[in-house]
Amino acid sequence: MLIAERDGEIVGGALAFRAGGAVKLEVIALAPEARRSGIGRQLIERIEDEAMRVGARQLYLGGATAENRGLYWRLGFSERRSLMQKAIQRHRRAPD
Ligand SMILES: CC(C)(COP(=O)(O)OP(=O)(O)OC[C@H]1O[C@@H](n2cnc3c(N)ncnc32)[C@H](O)[C@@H]1OP(=O)(O)O)[C@@H](O)C(=O)NCCC(=O)NCCS
C-alpha cells in the first residue's frame, strides 16, 4: 500500500498485491485537487518497481473506467478483455 502526500497532507494512495506471477493494482485514487500533476504516474511506477523486485512479470487491473483509461494507455498498459495490463520492465526513473 502506498500513501501519497503533498505539502504534508495525504492526497491519495494505491493498493496492489501479488497474484501468482503478476501484481494486481486493486485501487488507486487521488483527491480531485491532486489529480493531473504526476502523482498517479509516480504511484504506478513505484508499484512497477516493487513488482519487478518481487519477480512479477505483469501488472494488471480490472475496472478501468472510460475517464481513466487514458492514464493507463499513457503509462504503457494495453487492454485485453476487461483488463488493463502491462509487462513489467525496468523503467526510466531510479527510485528515490
Ligand atoms: C486515475 C488517477 C489516479 C490518475 O492520477 P493522476 O495523478 O491524475 O495522473 P498523472 O497526473 O500522473 O497522469 C499520468 C499521465 O497520464 C495522463 N492522464 C492522466 N489521467 C488521464 C485521463 N483521464 N485521460 C487521459 N490521460 C490521462 C496524464 O496526462 C499523464 O501523462 P504525461 O505524464 O505524459 O503528461 C486520478 O485521476 C484519480 O484519482 N481518479 C479518480 C479515481 C480513479 O478513477 N481511480 C482509478 C480506478 S481504476
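## Briefing: a six-stranded mixed sheet, its helix α1 and a ligand shell

Strands β3 and β4 pair in the parallel sense, and three bridges join them. This pairing belongs to a predicted model, in which six strands form an open sheet with mixed pairing and the order β1-β2-β3-β4-β6-β5. At the edges of the sheet stand β1 (2-6) and β5 (78-80), each of which pairs on one side only. Averaged over the sheet and with direction ignored, neighbouring strands are turned by 30° against each other. The points below take up the strand pairings, the helix and the core, the ligand shell, and some individual residues.

**Strand pairing**

- In the parallel pairing of β3 with β4, Lys24 has Tyr60 of β4 as its bridge partner.
- Strand β2, which covers residues 9-19, runs antiparallel to β3, and the two are paired over eight bridges.
- Within this antiparallel pairing, Ala16 stands opposite Leu25 of β3, while Ala14 has Ile28 of β3 opposite to it.
- The hairpin made by β2 and β3 has two residues between its strands, and Gly20 takes a positive phi near 65° there.

**Helix α1 and the nonpolar core**

- Helix α1 packs on the sheet and touches β1, β2, β3 and β4 (58-62), and the direction of the helix makes about 160° with that of β3.
- The largest nonpolar core holds 18 residues, and those with the most contacts inside it are Ala14, Val23, Leu25, Leu43, Ile47, Ala51 and Leu59.
- Two or more residues of this core come from each of β2, β3, α1 and β4, and the largest share, five residues, is that of α1.
- Leu25, one of the core residues with the most contacts, touches Ala14, Ala16, Ile47, Leu59 and Leu61 when residues up to four places away in sequence are not counted.
- Strand β4 presents two faces, of which the covered one carries Leu59 and Leu61, whereas Gln58, Tyr60 and Gly62 are on the uncovered one.
- Glu50 also lies in helix α1, and this residue is classed as partly exposed because 17 other C-beta atoms lie within 10 Å, between the limits of 12 or fewer for exposed and 20 or more for buried.
- Although Glu50 and Ala16 are 34 residues apart in sequence, their C-alpha atoms are 9.9 Å apart in space.

**The shell around the ligand**

- The ligand is surrounded by 20 residues, and the closest of them are Arg35, Gly40, Arg41, Gly70 and Leu71.
- At least two residues of this shell are supplied by each of β3 (22-30), α1 (39-53) and α2 (69-74).
- Sorted by class, the shell consists of seven nonpolar, eight polar and five charged residues.

**Leu30 in β3**

- Leu30 lies in strand β3, and its contacts, not counting residues up to four places away in sequence, are with Ala4, Val11, Gly12, Arg35, Ile39 and Gly40.
- Two of these contacts, Arg35 and Gly40, are also listed among the residues closest to the ligand.
- Leu30 counts as partly exposed, since it has 18 other C-beta atoms within 10 Å, whereas a buried residue would need 20 or more.
- Leu30 and Ile3 are 27 residues apart along the chain, and a distance of 9.7 Å separates their C-alpha atoms.

**Positive phi outside glycine**

- Asp7, although not a glycine, has a positive phi of about 50°, and its place is in the loop between β1 and β2.
- Asp7 counts as exposed because 5 C-beta neighbours lie inside 10 Å, and the limit for that class is 12 or fewer.
- Arg81 is likewise not a glycine and has a positive phi of about 50°, and this residue is found in the loop between β5 and β6 (83-87).
- Arg81 is exposed, with 6 other C-beta atoms within 10 Å.

Definitions and conventions: Residues are numbered from 1 along each chain as its sequence is written. This is a predicted model: local features need pLDDT of at least 70, side-chain atom pairs count only at pLDDT 80 or more; totals for chains, interfaces and linings use all residues. A residue is near a molecule or strand if its C-beta atom, placed from the backbone, lies within 6 Å of it. Helices (H or I, at least four residues) and strands (E, at least two) are DSSP runs, numbered from the N terminus. Ala, Val, Leu, Ile, Met, Phe, Trp, Tyr, Cys and Pro count as nonpolar, Asp, Glu, Lys and Arg as charged, and the others, Gly among them, as polar. Two strands pair if DSSP finds at least two bridges between them. Axes are lines fitted to C-alpha atoms, for helices over the stretch in contact, and angles run from 0 to 180 degrees between N-to-C directions. Two residues are in contact if their C-beta atoms, placed from the backbone, lie within 7 Å. A nonpolar core is a set of buried Ala, Val, Leu, Ile, Met, Phe, Trp, Tyr and Cys residues joined through C-beta atoms within 7 Å.
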